[in-house]
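Reader: Before we start, could you take me through the features of a fold one by one, giving the general idea and then the case at hand?

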Amino acid sequence: MTALFGTPDIAIGMKESVSRVRLFDGPLDLSWRHCATTSDFIADLFALRFQSSRNDYVEVRHSIGYLANELIENAVKFRAPGEIVIEASMDSECFKLKVSNDVEGENASEFQSLLADITVGDPKDLLIQRIEANAANPDAGRSGIGLLTLMSDYGARLAWIFSSADENDRICLETYASIPISQTHN
C-alpha cells in the first residue's frame, strides 16, 4: 500500500548532496525541545552561505527554521516509537527537506484525511477557513494550520508518501518540502 498526497515532483527524490540527521528514541525520549534544537541547527547550517548579507541571512534562516520545526514537530508528535530521519539540501533556487518516521495505522488514516482536505484549493483561503474553524472549536483535533501556513506564507510545496512498514499496523511516512530561496539570495 502506497499513498501520495501533495506535489508529486518534489517527492521523487533529493538528487543533490544531502545532509542527514537522525533523532533516536532513547533514555532522553524525543520531545519538543529536540524539534527546536534540531531545526535551529539545520537553519544555521544552510543559512551560512548568506552571512555576507545580514537581511538575507536572517530571512533564509527564519524560513528554513520555521519549515524544519513544523515538520519535525509533526513527526515527533505523531510518530510510532522509533527514529526520525531528517534529510536536507539546498541549491540556488530552493531548500528541500525530507522527514521520515513511522506512524501507527490510525494516525496515518487521520492524517491522510486531513491532507485530503488541505491539499485541494487555495492555501490562503483554506488557512483562513481553518483558523476560523479552530477558533470556533479549539478542541477539534488536528487543524493543519501549520502546514497551510507553510504553503500560504512561505510558498512551500509539500508532499507525503505513506507506505507499509515491516511491522503490524505501522506506516512509513515520508514528508517532503521545498521552499523557494529568493533570487536576491544568489
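Author: What follows is a short dialogue on the sheet, the helices that pack on it, the cavity and one helix residue, and the model under discussion is a predicted one.

Reader: Let us begin with the sheet: how many strands form it, and in what order do they stand?

Author: A sheet is read from one edge to the other by following which strand pairs with which. Here six strands form an open sheet, and the order across it is β1-β5-β6-β4-β3-β2, with antiparallel pairing. From one strand to the next, the twist averages 15°.

Reader: Which strands stand at the edges, and what does that leave without a neighbour?

Author: The edge strands are β1 (2-6) and β2 (19-23), and because each has a single partner strand, one side of each has no neighbour in the sheet. For β1 that partner is β5, with which β1 pairs in the antiparallel sense over five bridges; as a point of register, Thr2 stands opposite Ser163 in β5.

Reader: How should I describe the helices relative to this sheet, and which strands does α3 touch?

Author: One names the strands in contact and then gives an angle to a reference strand. Helix α3 packs on the sheet, where it touches β1, β4, β5 and β6, and its direction makes about 140° with that of β4. Helix α2, for its part, lies across β2, β3 (84-90), β4 and β6, and runs at about 10° to β4.

Reader: Turning to internal space, how many cavities of 30 Å³ or more does a search of the whole structure find?

Author: For a cavity one asks about its volume and then its lining. The search of the whole structure finds one cavity of 30 Å³ or more, and about 140 Å³ of space lies in the largest cavity. Its lining has 16 residues, of which Asn74, Ala75, Phe111, Leu173 and Thr175 are the closest to the centre. Two or more lining residues come from each of α2 (54-78), β4 (94-104), α3 (105-118), β5 (157-164) and β6 (170-180), and the largest share, four residues, is that of α2. By character, the lining divides into eleven nonpolar residues, four polar and one charged.

Reader: Finally, how would you place a single residue such as Asp40, and where is it found?

Author: One gives its element, its exposure and a distance to a partner. Asp40 is found in helix α1 (residues 32-47), and because its relative accessible area is 35%, between the limits of 20% and 50%, Asp40 counts as partly exposed. Asp40 and His62 are 22 residues apart in sequence, while their C-alpha atoms are 9.0 Å apart in space.

Notes:
Residues are numbered from 1 along each chain as its sequence is written. This is a predicted model: local features need pLDDT of at least 70, side-chain atom pairs count only at pLDDT 80 or more; totals for chains, interfaces and linings use all residues. Side-chain values use heavy atoms; hydrogens and water are left out. On a 1 Å grid over the protein atoms alone, a cavity is a set of points where a 1.4 Å probe fits but cannot get out, and a pocket is an open set with protein on both sides within 12 Å along at least five of seven lines; lining residues have an atom within 4 Å of a point. Grid points are joined across faces, edges and corners, and a volume is the space filled by probe spheres set on the points. Ala, Val, Leu, Ile, Met, Phe, Trp, Tyr, Cys and Pro count as nonpolar, Asp, Glu, Lys and Arg as charged, and the others, Gly among them, as polar. Buried means under 20% relative accessible area, exposed over 50%, partly exposed in between (1.4 Å probe, protein chains only). Two strands pair if DSSP finds at least two bridges between them. Axes are lines fitted to C-alpha atoms, for helices over the stretch in contact, and angles run from 0 to 180 degrees between N-to-C directions. Contact means heavy atoms within 4.5 Å.
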